[in-house]
Amino acid sequence: MQEKPVHGMHGSWFTRPKFSLELRCNEKGCSCDKERHRYPVGSYSKINRLNQAMDILQSAWAEDDYLLSQYTGEMKARGKAPEELTRELKLNGCEIKYAQHTLKTYFGEVSTKIYNERENIQARINKGDKECVEPAPIDWENAPNDGIFEEHRYENESRSYQMCMMENEVARRDNEFQKELNEEHYRELKRNLATLERPRIKQR
């Protein structure tokens, strides 16, 4: 039976592979037999985890088609297939199940984060710099005590103004960096979806 779509991705990508080992998963990653898949760590671990799984799903299914064609050929020619080929099929089937599990578990959360961050960054950019008030000039003619208090006032306002300008510069750079990074994640997501939203075509 054809699997149902998963988060907009076509169900054909989420059918069970013909050969595979049992998949075991926890928060750190998944394993099949002695083969382990540890999830990426760091600030963008879930985004990297998602993109990695989308790539693996495509490449592992292509490899599955290739290995199955070899398996079928061996069965027709000799009535059995080499144990090593069967093991390769099982391990590759585990790769497929790992990617399927990761996408089912994290796609909704991570894709929403990418889309929302895209809007939030643009909103911050559109908001622009916060207003920085320049220090008022010293009025020497009307300044008491030789203008000492006015000098202190001017120095404090100057420091505040310079700090404000620096904060604006840091914010602009950070927004531009975050925008560039988000665009990279967004393009990667859309590139993979362009393939996974369509039915899977078996490789000949």
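Trainee: How many disulfides does the count come to?
Mentor: A disulfide here is a pair of cysteine sulfur atoms within 2.5 Å. By this rule the count comes to three.

Trainee: What pLDDT do local features need in this predicted model?
Mentor: Residues are numbered from 1 along each chain as its sequence is written, and side-chain values use heavy atoms, with hydrogens and water left out. The model is predicted: totals for chains, interfaces and linings use all residues, side-chain atom pairs count only at pLDDT 80 or more, and local features need pLDDT of at least 70.

Trainee: Is the disulfide of C25 and C30 right-handed or left-handed?
Mentor: The sulfur atoms of C25 and C30 are 2.1 Å apart. The torsion about their S-S bond is about 110 degrees, so this disulfide is right-handed.

Trainee: Is C30 buried or exposed?
Mentor: Buried means under 20% relative accessible area, exposed over 50%, and partly exposed in between (1.4 Å probe, protein chains only). C25, at 32%, is partly exposed. C30 has 4% relative accessibility, so C30 is buried.

Trainee: How many residues apart are C32 and C94?
Mentor: A disulfide joins C32 to C94, with 1.5 Å from S to S. C32 lies in strand 2 (residues 29-32) and C94 in helix 2, so this pair links distant parts of the chain. Helices (H or I, at least four residues) and strands (E, at least two) are DSSP runs, numbered from the N terminus. The separation of C32 and C94 in the chain is 62 residues.

Trainee: Where do C132 and C164 lie?
Mentor: The sulfur atoms of C132 and C164 are 1.9 Å apart. With -80 degrees about the S-S bond, their link is left-handed. This pair ties together parts 32 residues apart in sequence, because C132 lies in the loop between helix 2 and helix 3 and C164 in helix 3.

Trainee: Which helices each supply at least two residues of the largest nonpolar core?
Mentor: A nonpolar core is a set of buried Ala, Val, Leu, Ile, Met, Phe, Trp, Tyr and Cys residues joined through side-chain atoms within 4.5 Å. The largest has 25 residues; M9, M54, L57, L103 and F107 have the most contacts inside it. At least two residues each come from helix 1 (45-78), helix 2 (83-127) and helix 3 (148-196).

Trainee: Which residues does L103 touch?
Mentor: Contact means heavy atoms within 4.5 Å. Leaving aside residues up to four places away in sequence, L103 touches H7, M9, F14, L50, A53, M54 and L57.

Trainee: How far apart are the end C-alpha atoms of helix 1?
Mentor: The expected span is 1.5 Å times one less than the number of residues. For the 34 residues of helix 1 that gives 50 Å, which agrees with end C-alpha atoms 46 Å apart.

Trainee: How many residues apart in sequence are the parts that D65 and R200 tie together?
Mentor: A salt bridge is a side-chain nitrogen of Lys or Arg within 4 Å of a carboxyl oxygen of Asp or Glu. D65 and R200 form one, with their closest N and O atoms 3.1 Å apart. D65 lies in helix 1 and R200 in the segment after helix 3, so the parts they tie together are separated by 135 residues.

Trainee: Which residues are linked with E169 in a network of salt bridges?
Mentor: E169 and R172 meet at 2.5 Å, N to O. Being three residues apart in helix 3, they are separated by about one helical turn. The residues networked with E169 are D129, R172 and R173.
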